[in-house]
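This report describes selected local features of a single protein chain. The sequence and structure are shown first.

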Amino acid sequence: MGAAAKDQLRDFIGYGPKPPVMKWPGGVKLAINLVLNYEEGAEYSWLDDGRNDNWGEYNIPNSPPLRDLGTETHFEYGSRAGVWRLARLFDRYDIPVTVSACAVALEKNPAVIEWMNSRGHDLLGHGLRWSEYSGMPRDEEERQLHDAIALYKKLTGKRPLGWNCRSFPSVNTRDLIVREGGFLYYSDPCNDDLPYFLDHQGTRLLVVPYSKTLNDSRYLIAPGYSNPRDFVEDCRSAIDYMIGEADETGGRMLTIGVHARWMGQPNRASGLRDVIEHVKKTPGAAFMRREDIARHWMDNHEGFSRHG
């Protein structure tokens with residue numbers, strides 16, 4: 001085991017039985033962060049990489065050793081049609097979202113940047129491309145991190161304040177995020193319902209946990225969602241339960257993750273619409289940007305630490 005792997009000890013306790021009582025702005029009991037993952041054009045492709053990606057409309061474990069035009073066009077649906085269906089949906093209900101976008105994907109579709117900026121949605125760094133970091137050499141991951149930040153600045157006029165890798169970070173990711181020094185928070189961990197601080201070699205790092213539980217990738221895996229009603233019921237159950245326990249536990253956060261090429265399909269978008277309407281009519285539930293969650297925690301709860 002390398003030094004980087006040994007440095008990141010596992011924590012099975014967290015805040016323990018008495019987590020901090022969160023008070024969100026405006027009396028909100030449940031801060032729901034809706035994350036739009038935008039990866040189209042940044043995925044692995046035969047022309048760029050000599051391999052195909054396996055997360056188009058089907059989860060293909062072993063892609064054939066030739067160009068997969070079918071999967072390529074599934075990704076293209078997300079950038080051509082899906083992202084705009086979701087943008088109209090978010091605009092219609094006037095809700096804030098966090099856009100977890102790969103830098104190269106934004107470069108290939110500047111209109112998405114114009115929409116993000118005009119609506120005030122925040123950017124979550126999601127890699128230079130939609131690359132697999134878990135086995136990437138440290139120097140290459142560091143190069144891609146810095147190139148991504150530079151490209152985000154060039155394209156959007158600002159850098160991302162948070163970071164979330166494709167599926168699995170490497171043992172180096174957290175260290176590179178800390179050493180880069182410009183991030184407000186880190187979102188690869190999926191291990192809590194509240195933000196928390198951790199100590200990384202003497203540097204305090206704010207983690208705003210992500211979650212893959214309420215995620216439209218479950219349309220592609222089993223057991224998962226067979227239709228939009230499954231997604232709606234899954235989200236609604238989580239929202240109602242957390243609102244119900246809020247008087248006992250205090251406020252919490254909940255992440256819902258969607259993708260342009262998957263949730264942007266009309267049948268699935270109908271499910272997301274129903275979830276948004278449920279949040280709108282549920283007292284105490286509200287959508288919040290990830291950056292706002294991070295800043296509110298920094299301003300009001302920075303004294304809380306793991307283990308009590």
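The sections below treat an annotated span, three helix pairs, a strand hairpin and some backbone details.

## Model and annotated span

The model is predicted. An unreviewed UniProt entry carries the annotation "domain: NodB homology" for residues 69-288. Within that span, helix accounts for 47% and strand for 14%. The C-alpha atoms at the two ends of the span are 37 Å apart.

## Helix α9 and its partners α3 and α8

Helix α9 comprises residues 266-280, and it packs against helix α3, residues 69-93, at an angle of about 20 degrees. The axes of these two helices are 11 Å apart. Because angles under 35 degrees count as roughly parallel, α3 and α9 are roughly parallel to each other. The crossing of α3 with α9 is right-handed. On the α3 side the contact involves Y77, R85, L86, L89, F90 and Y93, and on the α9 side P266, A269, L272, R273, I276, E277 and K280. Nine residues of this contact are nonpolar and four are charged, with no polar residue taking part.

Helix α8, residues 228-249, also packs against α9 at an angle of about 20 degrees, here with the axes 8 Å apart. The pair α8 and α9 is therefore roughly parallel as well. The handedness of the crossing of α8 past α9 is right-handed. From α8, the residues in contact are P228, F231, V232, C235, R236, I239 and D240, while α9 contributes N267, R268, S270, G271, L272, D274, V275, H278 and V279. Sorted by class, the contact of α8 with α9 consists of eight nonpolar, four polar and four charged residues. L272 of α9 belongs to the contact with α3 and also to the contact with α8.

## The oblique pair α6 and α7

Helix α6 spans residues 138-156 and helix α7 spans residues 173-180. They pack at an angle of about 45 degrees, and their axes are 10 Å apart. At this angle α6 and α7 are therefore oblique to each other. As α6 passes α7, the crossing is right-handed.

The α6 residues that make the contact are R138, E141, E142, L145, H146 and I149. Those of α7 are T173, D175, L176, I177, R179 and E180. The contact of α6 with α7 contains six charged, four nonpolar and two polar residues.

## The β5-β6 hairpin

Strand β5 (residues 196-200) and strand β6 (residues 203-207) are paired in the antiparallel sense, with five bridges between them. In this pairing Y196 lies opposite V207 of β6. Two residues separate the strands of the hairpin, and Q201 has a positive phi near 50 degrees.

## Backbone details in loops

Most residues other than glycine have a negative phi, and most peptide bonds are trans. Against this background, two loop sites deserve mention. S167, a residue other than glycine, has a positive phi near 60 degrees. S167 is located in the loop between β4 (162-163) and α7.

The second site concerns the peptide bond between A222 and P223, which is cis with omega about 0 degrees. P223 lies in the loop between β6 and α8. That loop thus lies between the second strand of the hairpin, β6, and α8, a packing partner of α9.

Note on methods:
Residues are numbered from 1 along each chain as its sequence is written. This is a predicted model: local features need pLDDT of at least 70, side-chain atom pairs count only at pLDDT 80 or more; totals for chains, interfaces and linings use all residues. Side-chain values use heavy atoms; hydrogens and water are left out. Axes are lines fitted to C-alpha atoms, for helices over the stretch in contact, and angles run from 0 to 180 degrees between N-to-C directions. Helices (H or I, at least four residues) and strands (E, at least two) are DSSP runs, numbered from the N terminus. Angles under 35 degrees count as roughly parallel, over 145 as roughly antiparallel, 65 to 115 as roughly perpendicular and the rest as oblique. A crossing is left-handed if the near helix is turned anticlockwise from the far one by less than a right angle, and right-handed if clockwise. Contact means heavy atoms within 4.5 Å. Ala, Val, Leu, Ile, Met, Phe, Trp, Tyr, Cys and Pro count as nonpolar, Asp, Glu, Lys and Arg as charged, and the others, Gly among them, as polar. UniProt positions are given in the numbering used here, feature names are shortened, and annotations may be inferred rather than shown by experiment. Two strands pair if DSSP finds at least two bridges between them.
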